Amino acid sequence: MQNLILEPLKYYVQHAKGSHERNIDEYFTSLVEKSKIDVQENRKTAELFRKQDKIASKTKDKISKFKGLKTFLIILSVLSVIALLVGIFALTDTAQIVTIIVSVLLLIFSILFIVLKLNKEIKNFEEIYKKQRQIADETYRKALSQMQPLNALFSENDTFNLIEKVVPNLKFNKEYSVELDQNFRNNYDFESDTNDDTRSVVNTVSGNYNKNPFLFYRHLNHYMSTKTYTGTRVITWRERVSDGKGGTRTITRSQTLVATVTKPFPMYAYATALNYGHQTAPDLSFSRRYKHAEDWSENKVERHIRKGKKKLRKKAEKTIGQEKQFTEMANSEFDTLFGATDRDHEVQFRVMFSPLAQINMVNLMRSEDGYGDDFSFVKNGKHNYIVTEHSQNWDMDTSPQKYYSYDIDLAKKQFSDINSQYFKSMYFDLAPIFAIPAYHEQPNSVFEKYQKTKNNYTEYEYEILANVIGADKFMHPMSRTQSILKAEFLYSKNDTDCVQVTAHSFTSEPRVDIVPLFGGDGRLHNVPVRWDEYIPVVNTRIMVVKKLGLDGLTFDSKRTSMDARLFDTPYGYYHGLFARILGNDDVEYIDNALNKI
């Protein structure tokens, strides 16, 4: 069954998808049995809560309708007073009498209906709603209490354990460790972006496939774009025109002049990518971009291949006699759909893309069973970089709180849906890797050994923890934008690291540009356009990081027994690591306090 992974699309459709769904169901059932909750009793309580909640919601809707009617009558009363004043002072004869009578009647009706009817109804239903809400909330708390033994069994590792069961030789790490980081940098041409202050890591998932390292990371990226600001000025002038009777007359004309200016504007966006290290074709580099060939008709595919073959042939002819000669592949469908025409080592490209690899890639690009051809693939020596469209919306967080529920059936659905979607997204990020048989081989070279470093944890984990604590806890007080958090190791005390976190953001200052425009009067007018200038600002705070190795629920349960001073300043817990902004205490105190856990 393991060999089926050599055909990733077939493996997913015929085995992995179904097996993973069964594993999810079996694992959830085992947790329910272990929790010893009364499933039928919880279903009754949950159903009772939904009925009570529905009744309370209907009452709340009635209150809203009554309040809406009250607002309408108040407005009607104000209009009646206005009409009454108009009738008294502005109208004459019959119109005055009718207006006054109607206004007085509407005013009296509105006031009496509000005071004698609506206020009482609103107060009565508010009291009813309060009681109904209390009853429903008590039932909800009871249902939640019934589910508490099950909720306490969920773990952030559940997702990864389930995936490991269905994808052979895939292993996950609890954190992106210093050892894995060194392996990536020293042995797989991985160039870290930890010095880039335009991007901050907010999450990672790391591990190895057949002992070859992989790293998913999600960044918050900053880039400068532009924004167009608009300003207006109304001008008037007088001019003489014909009166149609042989004479002239003077009229006043007006015009609104509209001016625009375009200025730099900071933008922010999240991006997710997969990094994979493998020693196959170590001198080869290329890039390809998705084409969404899964949406193409057969005729469009054939036309694309015909045109592509001509371009490839011309490219091959141009490179004849050159040191790096381009050669067409025998499989034209693969060569044109996959692209990678910037490849720089034809021999290693063919070693990497064997006939089976080519077939697998075409199947992935043209099939609708996964996400189709939505992946970009960049290879730089031993480092492979894959970005998919679907992963940009992938929530990498596996916090068990996502499954918490008052209702056993709702919890099961959430557990199944979240884990199924997580697996599908991750699998089809890895599918281009699985599609290459050579990439399943274990490393056979002697790599540089791990060297002990002063820092216990990676800068990626520092940034993640800083973002978990919250960018607002680090940002400059004058900031008017999001912040990019960057972390720099300072020193360590035993296995506690002291880190400087720098928040990069922008403040803004109002500015005015004067834009001269010609008006309809034939004159030049200055039109003011107000805009904001965004000025970089930075702020730094010190953060400490220490590994506890506990899952999130265990950490939460132990918190009450920890030294309360540990939580005097903002803190975060993720990937088994505890982080805290340094307050009036020192790193040694924090290290000692955490060692007692």
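Here is a short chat about reading a few features of this predicted model.

Me: Let's start with salt bridges. How many does the structure hold?

Reply: The idea is a side-chain nitrogen of Lys or Arg within 4 Å of a carboxyl oxygen of Asp or Glu. By that rule, the structure holds 26. Take E175 and K547: their side chains meet in a salt bridge at 3.0 Å, N to O.

Me: Which parts does the pair of E175 and K547 tie together?

Reply: E175 sits in the loop between β1 (170–172) and α5 (178–187), while K547 belongs to strand β10 (residues 524–547), so the pair ties together parts that are 372 residues apart in sequence.

Me: And are E175 and K547 buried or exposed?

Reply: Under 20% relative accessible area means buried, over 50% means exposed, and in between is partly exposed. E175 has 8%, so it counts as buried. K547 has 43%, so that one is partly exposed.

Me: What about a salt bridge inside a helix? Where do E346 and R350 lie?

Reply: Both lie in helix α8, four residues apart, which is about one turn of the helix. Their closest N and O atoms are 2.3 Å apart. E346 is buried at 12%, and R350 is partly exposed at 29%.

Me: Which residues are linked with E346 and R350 in a network of salt bridges?

Reply: D335 and R343 join E346 and R350 in that network.

Me: Now the surface. Which residues gather in the patch of positive charge?

Reply: Look for Lys and Arg, which count as positive. The surface patch here includes K300, R303, R306 and K307, and also K318. Find K300 in helix α6 (residues 298–318); at 38% relative accessibility, K300 counts as partly exposed.

Me: W296 comes just before that helix. What does W296 touch?

Reply: Contact means heavy atoms within 4.5 Å. Leaving out residues up to four places away in sequence, W296 touches K291, V301, H304 and L337. W296 lies in the loop between β5 (285–288) and α6, and is buried, with a relative accessible area of 16%.

Me: Last one: backbone angles. Which residues other than glycine have a positive phi?

Reply: Two to look at are K211, with phi near 70°, and A340, with phi near 55°. K211 is in the loop between β2 (199–209) and β3 (212–242), and A340 is in the loop between α7 (332–338) and α8 (346–352). K211 is exposed at 57%, whereas A340 is buried at 3%.

Key:
Residues numbered from 1 in each chain as written. Predicted model: local features only at pLDDT ≥ 70, side-chain atom pairs only at ≥ 80, totals over all residues. Heavy atoms only, no water. Patch = residues over 30% accessible without salt bridge, like charges linked within 9 Å, V, L, I, M, F, W, Y side chains within 5 Å. Areas by Shrake-Rupley, 256 points an atom, 1.4 Å probe, with all protein chains shown as cover. Charge placed at Lys NZ, Arg CZ, Asp CG, Glu CD. Helix = DSSP H or I, 4+ residues; strand = E, 2+ residues; numbered from the N terminus. Buried < 20%, exposed > 50% of the residue type's maximum accessible area, 1.4 Å probe, protein only.
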